[in-house]
Amino acid sequence: MNEIANNLAQVKDKISAAAARCGRSPEEVTLLAVSKTKPAGALAEAMEAGQRAFGENYVQEGVDKIRHFAEQGKEPLTWHFIGPLQSNKSRLVAEHFDWCHTVDRLKIAVRLNEQRPAGMPPLNVLIQINISDENSKSGIALSELDALAEAIAELPNLTLRGLMAIPAPEPDYDRQFAVCKQMAAAFESLKSRFPTVDTLSLGMTDDMDAAIAAGSTMVRIGTAIFGARDYPAR
Ligand SMILES: *Cc1c(COP(=O)(O)O)cnc(C)c1O
């Protein structure tokens, strides 16, 4: 087994163990491989090991990879945009990605809805919540969630699938868990009101266990699969 395949197997074991500890089935947790800054060859190794869902942070880098693998005509892949989204880049996301995790204002949702090509299925969107990171400008407060969710649910070319958050880095498990629980409560409440909502995107390499224990349905893992990134996130 190559290193990436080996890492993937270890991450899946960790997901299974974390799920088992809280009485959940591992199938409830989707593994998103976060491949930002990594070359196509690294993604190809993950694909050979069976990985199908990939997360990218930078629009142009993601579109280049989507085109590259589309030309290879391989098995169907799912591409998730997980980076901060500027209005002037929304068209590329609408035209190429399957999911966008970082919708945090109505203006961007309206643009994605207008720009989603007619022949494609609706774009799956998550609303990003700023749950704990006061320094981050991304994400809305929980108090703003209902209004934005209601507006997005009206847009025909988007499907509201749930919530996403990037909690501030925090080494203590109990504190990670407490923040993740707040997200889980907001997710359960949203799910009870919107039938299309089924996804809580929460958990990265360093807080995956706490996120799964709290109820995450999608973990976004980069470092533990592909190793440290070659250049820091911009
Ligand atoms: C980079 C990134 C990840 C992956 O982080 P790791 O700590 O490398 O697992 C997950 N989510 C988002 C939004 C990211 O930008």
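## Exercises: a ligand and two pockets

In this structure, a polar side-chain atom of Thr205 lies 2.5 Å from an oxygen atom of the ligand. Keep in mind that you're looking at a predicted model. Let's work outward from that contact.

**Exercise 1. Find out which residues surround the ligand, and what kinds they are.**

*Step 1.* Count the neighbours: 13 residues surround the ligand.

*Step 2.* Pick out the closest ones, which are Lys36, Asn57, Thr205, Thr223 and Arg229.

*Step 3.* Sort the shell by type. You get six nonpolar residues, four polar ones and three charged ones.

**Exercise 2. Look for polar atoms beside the oxygen atoms of the ligand, and then ask how much of the ligand the protein covers.**

*Step 1.* Start with Lys36, where a polar side-chain atom is 2.7 Å from an oxygen atom of the ligand. With a cut-off of 3.5 Å for a pair of N or O atoms, that pair counts as a polar contact.

*Step 2.* Now try the backbone. Gly222 has a backbone N or O atom 2.8 Å from an oxygen atom of the ligand.

*Step 3.* Turn to the cover. On its own, the ligand has 390 Å² of accessible area, and the protein covers 91% of that.

**Exercise 3. Work out which pocket the ligand takes up, and describe its lining.**

*Step 1.* Match the ligand to a pocket: the space it takes is the largest pocket.

*Step 2.* Get the volume, which is about 970 Å³. This pocket is lined by 39 residues, and the closest to its centre are Ile166, Pro167, Pro169, Met204 and Arg220.

*Step 3.* See which elements chip in. At least two lining residues each come from strand E5 (123–129), helix H7 (173–193) and strand E8 (218–221). H7 has the largest share, with four residues.

*Step 4.* Sort the lining by type: 16 residues are nonpolar, 13 are polar and ten are charged.

**Exercise 4. Do the same for the second largest pocket.**

*Step 1.* Its volume comes to about 210 Å³.

*Step 2.* Eleven residues line this pocket, and Asn57, Tyr58, Val59, Pro84 and Lys89 are the closest to its centre. You've met Asn57 already, as one of the closest residues to the ligand.

*Step 3.* Which helix gives the most to this lining? That's H3 (residues 59–72), with three residues.

*Step 4.* Finish with the types: the lining of the second largest pocket has five nonpolar, three polar and three charged residues.

Definitions and conventions: Residues numbered from 1 in each chain as written. Predicted model: local features only at pLDDT ≥ 70, side-chain atom pairs only at ≥ 80, totals over all residues. Heavy atoms only, no water. Near = heavy atom within 4 Å. Polar contact = N/O pair within 3.5 Å; in protein donor to acceptor, adjacent residues only side chain to side chain. Areas by Shrake-Rupley, 256 points an atom, 1.4 Å probe, with all protein chains shown as cover. 1 Å grid on protein atoms, 1.4 Å probe; cavity = no way out; pocket = protein on both sides within 12 Å on 5 of 7 lines; lining within 4 Å. Sits in = over half its atoms within 2 Å of the grid points. Nonpolar A, V, L, I, M, F, W, Y, C, P; charged D, E, K, R; others polar. Points joined across faces, edges and corners; volume = space filled by probe spheres on them.
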